[in-house]
2 protein chains.
Amino acid sequence: MTCILQMTVLLKQNIAKHISLSANETQQFCALFEQKLIPKKSFLLREGEICKFEGFVTKGLFRVYHIDKNGFEQILYFAIENWWITDIDSFTAETPSQLFIEALEDSEVLLISKKDKEFAYANLPQIEKLFRVMTQKTHVALQRRMIDNLSKTAESRYIEFTEKYPQLLQRLSNIQIGAYLGITNVFLSNIRKKIAVKK
Amino acid sequence: MTCILQMTVLLKQNIAKHISLSANETQQFCALFEQKLIPKKSFLLREGEICKFEGFVTKGLFRVYHIDKNGFEQILYFAIENWWITDIDSFTAETPSQLFIEALEDSEVLLISKKDKEFAYANLPQIEKLFRVMTQKTHVALQRRMIDNLSKTAESRYIEFTEKYPQLLQRLSNIQIGAYLGITNVFLSNIRKKIAVKK
DNA sequence: TTTATTTATTAAACTAGTTTAATGTTTTGA
DNA sequence: TCAAAACATTAAACTAGTTTAATAAATAAA
């Protein structure tokens, strides 16, 4: 387990990537987080629960996914070190979540509660900007993914995934990658074979 | 053409749906918008341009879409009265847009420039919250659409579209609806026939 | 009002991706 | 370290959705 001071270094760096925030405000904001260890295969959130946190991953790997009425899983996103995780819908509206958040590796996160986040919005004016900017960036990325899913074949989506997230590729099974791309692992096997033959 | 005072009523109502803002601040913010008429089939934004505005639709209908390298169109969203339109990526990063925004009917929008929006962020503290909250809601909606596209057949996506946006259905061609759902208009015809037979 | 253009429908051949199932491989856990 | 479970691969039959093309219907333009 990493020491909490060391972990907030990552968080502070991440904040600085989005906005410029005084050392004092940064310190006050980071003090609102608490560390939690999530062992592999355990859940930070399950469908039906109300999401009480917003999290920043400092170690490990999570998947955020939905299970449809036929029992198939769709992965909304993966989160490794330096990524944020939450069910933004359940967190803000305080409604039961339709998502699962599961650790795929032994993981560590910094969590902030809804109450403390509201405290930050009320008392640290720049925090509102931080989350506006971050949500915008996340939204732009999802818009691009939406367009890709509407227009590209599974093969080119897979190739682009391998180019965009090479570090994730090593850490994920084909089943997980398929659930992100929207295809079965069987078809992903075919794609991989086809690509291998080409080379 | 509607009078500008009348149009800002819609804008004020829309703001009030997201946050509570004093009459004074509402007034100051709304004064930053200017009205523009966009005739049917003309463009508010074209690929390659830098998006200089954020817009609020007070009349008419727009589509925000991308054209892929094979010349096919993917519709990111439609916007009718009370919807906001922009290319958030191009607007914030000031990079060339990959999107087109086209009026499908004679339309009216209230536009705010980047400079005036930054003025609002700097001087009207609640405006930061307004756009954080709106971006969050938009993002939640896109997350749901993403999951639907990963898990549901075109037929059920079409049925859900007709249930969710009955007022849009009347105003759009099958070609537009198909480009939103990610299917060809030929296949959409098949779906419509199949549904009609069922009834 | 007539003509040109866009849109919707249908059919038929095709392709991308699924399903089921069998087999071998890797990982996990007691 | 051994057995069980999870994962990856392959094949074969199948289905959802595309492509091309022809025809009819609706809309727009002159």
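This report looks at the contact between chain A and chain B and at one pocket.

## Ground rules

This is a predicted model, where local features need pLDDT of at least 70, side-chain atom pairs count only at pLDDT 80 or more, and totals for chains, interfaces and linings use all residues. Residues are numbered from 1 along each chain as its sequence is written, chains are lettered from A and ligands numbered from 1 in the order in which they are written, and side-chain values use heavy atoms, with hydrogens and water left out.

## Where the chains meet

Chain A and chain B put 35 residues each into the contact (heavy atoms within 4.5 Å). About 3200 Å² gets buried between them, 69% of it from carbon and sulfur atoms; that's the accessible area (1.4 Å probe) that two parts lose on being put together, summed over both.

As for polar links, seven residue pairs are in polar contact between the chains, both residues at pLDDT 80 or more (a pair of N or O atoms within 3.5 Å; within protein, one must be able to donate a hydrogen and the other to accept it, and residues adjacent in sequence count only if both atoms are side-chain atoms). On chain B's side of the interface, β5 (73-80), α3 (88-93), α4 (114-123), α5 (125-151) and α8 (174-181) each chip in at least two residues. The largest share, 18 residues, comes from α5(B). Helices (H or I, at least four residues) and strands (E, at least two) are DSSP runs, numbered from the N terminus.

## Salt bridges

Over all chains there are 26 salt bridges (a side-chain nitrogen of Lys or Arg within 4 Å of a carboxyl oxygen of Asp or Glu). Six of these cross the interface of chain B and chain A.

A:Asp89 pairs with B:Arg144, with the closest N and O atoms 2.4 Å apart. B:Asp89 and A:Arg144 also form a salt bridge, at 2.5 Å from N to O. B:Asp89 sits in helix α3 of chain B and A:Arg144 in helix α5 of chain A, so this pair joins two chains.

## The second largest pocket

The lining of the second largest pocket has 40 residues, with B:Trp83, B:Lys137, B:Thr138, B:Ala141 and B:Tyr165 nearest its centre. On a 1 Å grid over the protein atoms alone, a pocket is an open set of points where a 1.4 Å probe fits, with protein on both sides within 12 Å along at least five of seven lines; lining residues have an atom within 4 Å of a point. Here too α5(B) gives the most, with eleven residues.
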